[in-house]
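Thank you all for making the time this morning. I would like to walk through one structure, beginning with a single side chain and working outwards from there.

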Amino acid sequence: MTQRILDLAAAAPAAHGKDLVLLLHEANELYQQGLRDLHQEVSERLAGLAIADLMFAAETAGMPCDASQDRDDVILLLALVEWEMTPAALAYVEMAESAARRGVCLIPDE
């Protein structure tokens, strides 16, 4: 997955229009799948921690929590923090930002 996102990000600067949208779409799907996979891993890894410890870890990582968030929400925040530091996520974000500067994004105009 990581290598495919890196390959898509490398191909994106030469792509235009619909080709760039297709690259973004595939990279987005892989990004989402990577986050889902990591979320599952983090959930299993942190299964034994108390919610207070999870909330402290999230706040320490820069993702403030509040009392309304349940265990699953906090674990998702922790997974997101971890995912955003992976090469795949970093490459996808750079790819999406570069495409946006060129006027291309996955959000359709209404």
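Let me start with Val-74, which touches Ile-51, Leu-54, Met-55, Ala-58, Cys-65 and Gln-69 when residues up to four places away in sequence are not counted, a contact here being heavy atoms within 4.5 Å. Before going further, I should say that this is a predicted model, in which local features need pLDDT of at least 70 and side-chain atom pairs count only at pLDDT 80 or more, whereas totals for chains, interfaces and linings use all residues. Residues are numbered from 1 along each chain as its sequence is written, and side-chain values use heavy atoms, with hydrogens and water left out.

Where does the largest share of the largest nonpolar core come from? By a nonpolar core I mean a set of buried Ala, Val, Leu, Ile, Met, Phe, Trp, Tyr and Cys residues joined through side-chain atoms within 4.5 Å, and buried means under 20% relative accessible area, with exposed being over 50% and partly exposed in between, for a 1.4 Å probe and protein chains only. The largest such core has 33 residues, of which Val-42, Val-74, Leu-78, Trp-83 and Met-95 touch the most other members. The elements giving two or more residues to this core are α1 (2-11), α2, α3, α4 and α5, and the largest share, eight residues, comes from α2. Helices in this numbering are DSSP runs of H or I with at least four residues, and strands are runs of E with at least two, counted from the N terminus.

Turning to α4 itself, this helix covers residues 71-83, has 13 residues and reaches 18 Å from its first C-alpha to its last, close to the 18 Å expected at 1.5 Å a residue, where the expected span is 1.5 Å times one less than the number of residues. Within α4, Val-74, Ile-75, Leu-77, Leu-78, Ala-79, Val-81 and Trp-83 are buried, and the buried residues of this helix pack against α2 (17-45), α3 (51-60) and α5 (87-101).

At the N-terminal end of α4, Asp-70 acts as a cap, with a side-chain oxygen 3.2 Å from the backbone nitrogen of Asp-72. Gln-69 lies in the loop between α3 and α4, and a polar atom of the Gln-69 side chain lies 2.9 Å from the backbone nitrogen of Asp-66. Again leaving out residues up to four places away in sequence, Gln-69 touches Pro-64, Val-74 and Leu-77.

Finally, the charged pairs: how many salt bridges does the structure hold? There are three, a salt bridge being a side-chain nitrogen of Lys or Arg within 4 Å of a carboxyl oxygen of Asp or Glu. Glu-26 pairs with Arg-4, the closest N and O atoms being 2.7 Å apart, and because Glu-26 lies in helix α2 and Arg-4 in helix α1, this pair ties together parts that are 22 residues apart in sequence. Arg-45 forms a salt bridge with Glu-82, with the closest N and O atoms 2.5 Å apart; Arg-45 lies in helix α2 and Glu-82 in helix α4, so here the parts tied together are 37 residues apart in sequence. Arg-45 is partly exposed, at a relative accessible area of 49%, and Glu-82 is partly exposed too, at 34%. The remaining salt bridge joins Glu-94 to Arg-101, with the closest N and O atoms 3.4 Å apart; Glu-94 counts as partly exposed at 43% relative accessibility, whereas Arg-101, at 61%, counts as exposed.

Methods. Polar contact = N/O pair within 3.5 Å; in protein donor to acceptor, adjacent residues only side chain to side chain.
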